[in-house]
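Colleague: I am new to this structure and should like to understand the terms used to describe it. Please set each value against its definition.

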Amino acid sequence: MFPEPKTENTGSTALSIFIAVLVLLVITGGISWFYFNSKSSTPEPVATTPTTTVNDPVETASTTVSDALQDLDAELAAIDSDLNSTDDDVPTL
Amino acid sequence: MTYQRFSILIVGVLMLVGLPNLSYAQTNDTTTTKKTTDLRESIKTKRDEAKTSLDDYKVAREEQKLAKLIQYGDKAISERTAALTEQKSRFSAKNCPTVALTAVNDAFATINTNLVAQKTVLDASTTLEGAKTATRDIFQKNRVYKYLMPAAKGACIAQKLISIIDGRLAEAVTKLKAAGIDTVAIETKLTEAKTAAQSAYDTYLQILKTPGGDDDGNKTKMNAAKTSLQTVRKTLGDVKSDIANLLGTYRQKSKNPGTRTLDEPVTP
């Protein structure tokens, strides 16, 4: 009198959706892989800021000085480390 | 069952989207690590050889001591020569202005020549005492690690700072002046910074010319040069703040050269 529930069809539909999603993810993953790798090897894109601002020494002075001070700090640390070196001490002969 | 499939999907998403990013990040990390590879690590084989040779000398029988000491001295020279070559390759026009680079290269060449000459003396030693003196000279007359290398680094950075002061920062002052802004305070600080950088450079040059022998004198000079560089650091930091404070006024004046800003006095 009542129809039997269709359990087999539901399972195969879910499997199909699952496979479709997996394929989609593979494609997405592939695209992002190519995107990030090409991004790392190609040169940085030219900034879209107007040339006058980018080349203006007043506008870039802060960055110029910051970069220079960063280099200076790194070198001072390296120099201090060298000064404490014992590699020039004469070994006991 | 549904929960299990959902978990697999989440893991799949993380792996597929995350892996490319991870590989990208790893590439960058490797580059950074490669750049900062320690000099001593890069000549590890030579250092190990010298150390083994010294150990051999220490345990050698009396009649073998002379030969073993000469062998050790030669290894020590070889290690120092390798350190010089490696360190020299790290300086280029990119991180060291030409004038400093020339001085650094000359100093490295002088030490190399000294080491070659000392090898000849050491190899010709006929007594153990003579060989000991020659071996001590390898270290004491060529303070490669303690003075030559740091002085070279110091000379390069000092000259680089001078280039920046004379270059981009001088240009900035010119632009500020052209916009009608008072730059006297900034100019004074830049002069002070340049004088200190020049003083540091001159001191490092002196050390580069005599990196061996006068240990106490070189130590004093290294400290003096460091103090000068710290002065440059402070003064340039002040210049940076001064320019940043003037940026608003500068932008306004650059846009409208004729307009008066709020901080300007009104002329009757």
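**The contact between the chains**

Modeller: The contact takes 48 residues from chain B and 37 residues from chain A. Two residues are in contact if their C-beta atoms, placed from the backbone, lie within 7 Å. This is a predicted model, in which local features need pLDDT of at least 70 and side-chain atom pairs count only at pLDDT 80 or more, while totals for chains, interfaces and linings use all residues. Residues are numbered from 1 along each chain as its sequence is written, and chains are lettered from A and ligands numbered from 1 in the order in which they are written.

Colleague: Which helices of chain B each supply at least two residues of the side that touches chain A?

Modeller: They are α1 (2-35), α6 (128-140), α7 (144-178) and α9 (215-255) of chain B. The largest share, 17 residues, comes from α7(B). By class, this side of chain B has 28 nonpolar, 7 polar and 13 charged residues. Here Ala, Val, Leu, Ile, Met, Phe, Trp, Tyr, Cys and Pro count as nonpolar, Asp, Glu, Lys and Arg as charged, and the others, Gly among them, as polar.

Colleague: How many helices and strands are there in chain B?

Modeller: Chain B has 9 helices and 0 strands, and chain A has 3 helices and 0 strands. Helices (H or I, at least four residues) and strands (E, at least two) are DSSP runs, numbered from the N terminus.

Colleague: What makes α7(B) mostly covered?

Modeller: Of the 35 residues of α7(B), 25 are buried. A residue is buried if 20 or more other C-beta atoms lie within 10 Å of its own, exposed if 12 or fewer, and partly exposed in between, with C-beta atoms placed from the backbone. Of the 268 residues of chain B, 35% count as buried; of the 93 residues of chain A, 12% do.

Colleague: How do you know that the span of α7(B) is close to the one expected?

Modeller: The expected span is 1.5 Å times one less than the number of residues. For the 35 residues of α7(B) this gives 51 Å, and the helix reaches 48 Å from its first C-alpha to its last. α7(B) also bends by about 35° at Leu169(B), the bend being the angle between axes fitted to the seven residues ending there and the seven starting there.

Colleague: Why are α3(A) and α7(B) called roughly antiparallel?

Modeller: The axes of α3 (residues 61-83) of chain A and α7(B) come within 9 Å and cross at roughly 170°. Axes are lines fitted to C-alpha atoms, for helices over the stretch in contact, and angles run from 0 to 180 degrees between N-to-C directions. Angles under 35 degrees count as roughly parallel, over 145 as roughly antiparallel, 65 to 115 as roughly perpendicular and the rest as oblique. The two helices, α3(A) and α7(B), are therefore roughly antiparallel.

Colleague: What covers the buried residues of α3(A)?

Modeller: The cover includes α7 and α9 of chain B. Among the buried residues of α3(A) are Ala61(A), Val65(A), Leu72(A) and Ile79(A).

Colleague: Is Ala179(B) buried, exposed or partly exposed?

Modeller: Ala179(B) has 18 other C-beta atoms within 10 Å and is therefore partly exposed. Its place is in the loop between α7 and α8 (184-209) of chain B. Leaving aside its neighbours within four places in sequence, Ala179(B) is in contact with Tyr250(B), Lys253(B) and Ser254(B).
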